[in-house]
Amino acid sequence: MRNHPVSVFMKPSLQASRPAALLLCLGLLALAPGRVAALGGRYLDITTSGYAGSAPLTNFPLLVRLSTNITDFSYSQCRPDGADLSFYDAGFHRVAHEIDTWDTNGTSLVWVCVPEMTNSTTARLVFGAPSAVAPAFTTNGAVWADGYRAVWHMDDGTGDNNILDSTANRFGGVKQAAGAPAETDAVVGKGQLFASNYINLTGLKDTSTTHTVSMWIKGSSSAAGQYVFDVETGRFLIGWSTDTTAGKIGLYRSAWGIFGNTPSLDVWHHIAVCCSGTAATLYVDGVPYGTQAGYSGVGFSGQAALGSRYSIAS
């Protein structure tokens with residue numbers, strides 16, 4: 001197997017121990033602005049829509065977008081770093097959140113761990129307390145504590161040579177070289193532009209044999225030999241376009257299994273490979289795309305990477 005030049009934008013996460021729960025389009029509607037006198041701040045009530053499932057989702061990481069276009073919300077009323085933000089569920093219990101992107105001149109992205117998500121869930125954002133201090137859960141991975149092994153928001157980490165994992169497991173990655181791949185704008189915050197390069201994730205571990213690997217991806221080519229996620233131990237390799245059949249997306253264990261045609265190019269897709277002990281199913285934009293019934297589960301350890309390469313050693 002060999003790799004080929006490819007430009008791919010990615011925003012991935014790895015979840016273990018439970019099936020994927022996909023909610024691709026959440027409508028966020030800010031309602032009933034007002035003041036919270038006891039907290040010394042203001043609030044916005046947020047309701048959700050877009051989830052069509054019959055069962056509630058538990059401990060769901062909800063993406064909340066804040067911007068200057070929201071009525072009665074102003075960055076001037078917040079602390080400069082957003083440390084005063086706090087979120088509450090319908091019972092007014094405080095819930096964990098994590099700031100992905102904070103841009104006082106544009107759109108900010110905040111992940112909120114909602115205890116129960118339905119198509120009518122309500123949460124409350126409180127802001128404006130001048131002496132507020134951000135609690136530990138904003139940085140310690142609490143938002144992702146329910147089954148996530150790794151979550152990479154794909155912005156540059158402590159420099160342009162690494163990315164950080166938002167979970168408490170801290171499975172960060174090291175780029176092939178500084179600026180390679182390069183940080184770029186993506187569908188949610190920042191992403192990385194892969195062009196025949198990779199991010200080394202060696203150290204990523206998961207003893208479970210059931211996994212969900214999901215990401216936002218925009219590919220510019222369907223040429224053969226384009227890999228987006230690879231664990232070398234036991235071999236678990238997701239190919240945007242496999243090296244045996246160009247234009248086919250698949251999963252390699254001991255041989256390539258094909259899910260279907262490579263999704264359309266130059267547009268963002270959400271893909272999720274959901275692996276039980278006996279089958280692997282690919283979802284594209286929330287819709288089942290193909291299944292490998294003969295899949296055999298494997299744990300993750302050893303050398304691993306995001307991006308276009310077959311072996312770090314070679």
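Select Phe73, Tyr75, Trp102 and Phe127 to begin: ring pairs join these residues into a cluster. The coordinates belong to a predicted model. The count of aromatic pairs in it comes to 11.

Another of the aromatic pairs is made by Tyr227 and Trp256, with ring centres 6.4 Å apart and planes at 20 degrees. Because stacking requires planes under 30 degrees apart, this pair is stacked. Show the strands around the two rings: Tyr227 sits in β17 (residues 226-231) and Trp256 in β20 (residues 256-261). The pair thus links distant parts of the chain, 29 residues apart. Are these two residues buried or exposed? Tyr227 is buried at 2% relative accessibility, and Trp256 is also buried, at 16%.

Stay with aromatic rings and select Tyr43 together with Arg124. Arg124 lies over the face of Tyr43, at 3.9 Å from the ring centre.

Next, colour by secondary structure. The protein has 24 strands and 0 helices. Select strand β22, residues 280-284. Of its 5 residues, 4 are buried, so the strand is largely enclosed by the rest of the structure.

Which strands flank β22? On one side of the sequence is β21 (residues 269-275), antiparallel to β22 and joined to it by 5 bridges. Within this pairing, Val273 stands opposite Leu282 of β22. The two strands form a hairpin, with 4 residues between them.

β22 also runs antiparallel to β23 (residues 287-292), again with 5 bridges. Here Tyr283 has Pro288 in β23 as its bridge partner. The hairpin of β22 and β23 has 2 residues between the strands, and Asp285 takes a positive phi near 55 degrees there.

Now move to Thr167, in the loop between β11 (162-163) and β12 (173-175). Despite the loop position, Thr167 is buried, with a relative accessible area of 1%. Display residues in contact with Thr167: beyond its neighbours within four places in sequence, they are Gly141, Trp144, Tyr148, Arg149, Ala150 and Val151. For Arg149, look at the backbone oxygen, which the side chain of Thr167 reaches at 3.3 Å.

Finally, zoom out to the whole protein. Of its 314 residues, 48% count as buried. Among contacts between residues at least 6 apart in sequence, 62% join residues at least 24 apart. Switch on the surface to finish: the protein exposes about 13,000 Å², and carbon and sulfur atoms supply 52% of that area.

Conventions
Residues are numbered from 1 along each chain as its sequence is written. This is a predicted model: local features need pLDDT of at least 70, side-chain atom pairs count only at pLDDT 80 or more; totals for chains, interfaces and linings use all residues. Side-chain values use heavy atoms; hydrogens and water are left out. Buried means under 20% relative accessible area, exposed over 50%, partly exposed in between (1.4 Å probe, protein chains only). Contact means heavy atoms within 4.5 Å. Accessible areas come from the Shrake-Rupley method with a 1.4 Å probe; for residues, only the protein chains shown count as cover. A polar contact is a pair of N or O atoms within 3.5 Å; within protein, one must be able to donate a hydrogen and the other to accept it, and residues adjacent in sequence count only if both atoms are side-chain atoms. Two strands pair if DSSP finds at least two bridges between them. Rings of Phe, Tyr and Trp (its six-membered ring) pair if their centres lie within 6.5 Å; planes under 30 degrees apart count as stacked, over 60 as edge-to-face and the rest as tilted. A charge sits over a ring if NZ of Lys or CZ of Arg is within 6 Å of the ring centre and within 35 degrees of the ring normal.
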